[in-house]
Amino acid sequence: MEQYVIKGGNPLVGDVTISGAKNAALGILAASIMTDDDVLIDNLPDVRDINVLLEAIEEIGARVERIDRHTVRINGSNIKEVAVDDEYIRRIRASYYFIGALLGKYKSAQVPLPGGCNIGSRPIDQHLKGFRALGAEVNIERGAVIAHAIDLVAAHIYLDVVSVGATINIMMAAALAEGQTILENAAKEPHVVDVANFLNSMGANIKGAGTDTIRIRGVNRLHGTEYSIIPDQIEAGTFMCAAAVTRGDVMVKNVIPKHLEAITAKLMEMGCEVIEFDDEVRVVGKPTQRHTDIKTLPYPGFPTDMQPQMSVALALAKGTSMVTESIFENRFKYVDELARMGTNIKVEGNVAVIDGVTQLTGAQVNAPDLRAGAALVIAGLAADGYTVVDEIGYIQRGYECFEEKLQGLGAMIEKVDNDREVQKFKMKVG
Ligand code: UD1
């Protein structure tokens, strides 16, 4: 099984270029089958979740042509199957986007209940509430969501919880419904806006994405388009944290600084220097960084997907920090792994109380999910000695060329397959 082996202690220095946003790409790829014309999507991240979704798109009969590593052409005119049942698709959360896309286009969808990272119970009741409000009959049978409608008709929908997935899913179905749907208490994340922009470039009529009220006037059909995905806010934030934790100096390129404000603010409160340019941010770590408190919230609040990485930064800051997780209830599982590296963190309910320490030591640790996996790698980069991170399949779901990008910043990290290769790495780096 693949692992990362890391020798810590090198400050990260240099430039890193951020890939396209995974979570935007997942919505956009699913939405691309809603037209019979060709859709060309660029700045696609080459990560496992995206490749699994592309396989599933092909499986239901759409044509998927990989032009290059980051560009794909999709044509959904030959879709014969509204039942998605790829064995891998169950494992990725975003499989639920097929419900909105297929229901919108064919008024019928059959999709397995989603898997994804195990960070909490993750219900999809708000998605289903939205589809039902649009006139669909929705049932759960044998582990799958089965949705049908004679006609989709616009509705006034209020989300009981702010949900990224439900907002995007309802937006897709409503784009091809009759009349104007009003979606209230909608999620405002950058990837919600990106999917709305993409749908609009296909002829949809969506207004207000990025605010908490989205108005979707249904159209009869969507047409082909060419679209470039926004940069990944969380990948950018992860490298910003890595720069801070290793007391490095990194220029994070190809970003939208506005999307990073919550992360920038917290790093600055900790005493890091963060300098914003048009499409890059430079993060300079300081020898002594200060504690601060964080509470995860829907955008523009601090993103839950950055909670583990920032907690590592706080674990090496002076003083006591409180991190409150208010989106997912099971997102502190990595804390036990971090403890093996010498952190001092106590979790009570949804709050982690972090007492900063001055040094971490390398250890063998397990990535419990995607973002926590990245956080453990960052901890390893700062730790004294060697760290081995197991279960890196999670990390590869969402970070393109993670180890190569880190190596480009001077990190001593390698992907290995077995203990012999770990030993070889140790001999090589000394
Ligand atoms: C998306 C992201 C994920 C990120 C999360 C929050 C994708 C593929 N994943 O996940 O990386 O961590 O947003 O920014 O884009 N909820 C309900 N009922 C629902 C839907 C959600 O109660 O029908 C709750 C969830 O349990 C959670 C909160 O709402 O507590 C937010 O979830 P949501 O925004 O839907 O997350 P995802 O779209 O699954």
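Which loop holds N185? The views below get to that one, after a quick note on the model.

**Ground rules.** We're looking at a predicted model, where local features need pLDDT of at least 70, side-chain atom pairs count only at pLDDT 80 or more, and totals for chains, interfaces and linings use all residues. Residues are numbered from 1 along each chain as its sequence is written, and side-chain values use heavy atoms, with hydrogens and water left out.

**View 1. An open, mixed sheet of four strands, in the order β9-β10-β12-β11.** Helices (H or I, at least four residues) and strands (E, at least two) are DSSP runs numbered from the N terminus, and two strands pair if DSSP finds at least two bridges between them. β9 (156-158) and β11 (205-207) sit at the edges with a single partner strand each, so one side of each has no neighbour in the sheet. From one strand to the next, the twist averages 15°. β10 (residues 180-184) and β12 (residues 213-217) run antiparallel and are joined by five bridges, with T181 opposite I216 in β12. Helix α5 (residues 164-175) lies across β9, β10, β11 and β12, at about 25° to β12. For angles here, axes are lines fitted to C-alpha atoms (for helices, over the stretch in contact), and the angles run from 0 to 180 degrees between N-to-C directions.

**View 2. β14 with β2 and β16 as partners.** Strands of a sheet pair through backbone hydrogen bonds, either parallel or antiparallel. Strand β2 (residues 13-17) runs parallel to β14 (residues 249-253), and five bridges join them; D15 stands opposite M251 in β14. With β16 (residues 280-284), β14 pairs in the antiparallel sense, again over five bridges, and here V252 stands opposite V281.

**View 3. Helix α7 packed against helix α9.** The axes of α7 (residues 233-245) and α9 (residues 307-315) are 9 Å apart, at an angle of about 10°. The two helices are therefore roughly parallel (angles under 35 degrees count as such, over 145 as roughly antiparallel, 65 to 115 as roughly perpendicular and the rest as oblique). I234, T238, C241 and V245 in α7 meet Q309, M310, V312 and A313 in α9, where contact means heavy atoms within 4.5 Å. The residues of this contact split into six nonpolar, two polar and no charged. Ala, Val, Leu, Ile, Met, Phe, Trp, Tyr, Cys and Pro count as nonpolar, Asp, Glu, Lys and Arg as charged, and the others, Gly among them, as polar.

**View 4. The largest pocket, with about 1,100 Å³ of space.** On a 1 Å grid over the protein atoms alone, a pocket is an open set of points where a 1.4 Å probe fits, with protein on both sides within 12 Å along at least five of seven lines; lining residues have an atom within 4 Å of a point. Points are joined across faces, edges and corners, and the volume is the space filled by probe spheres set on them. Of the 44 lining residues, Y96, R122, V164, I327 and F328 lie nearest the centre. α1 (22-31), α4 (125-133), α5, α7 and α11 (370-382) are the elements giving two or more residues to the lining. By class, the lining has 20 nonpolar, 12 polar and 12 charged residues.

**View 5. Backbone oddities in three loops.** Most residues other than glycine have a negative phi, and most peptide bonds are trans. The bond from Y299 to P300 is cis, with omega near 10°; P300 is in the loop between β17 (294-295) and α9. K107 isn't a glycine, yet has a positive phi of about 60°, in the loop between α3 (97-106) and β6 (108-112). N185 has a positive phi too, near 60°, and its place is the loop between β10 and α6 (190-201).
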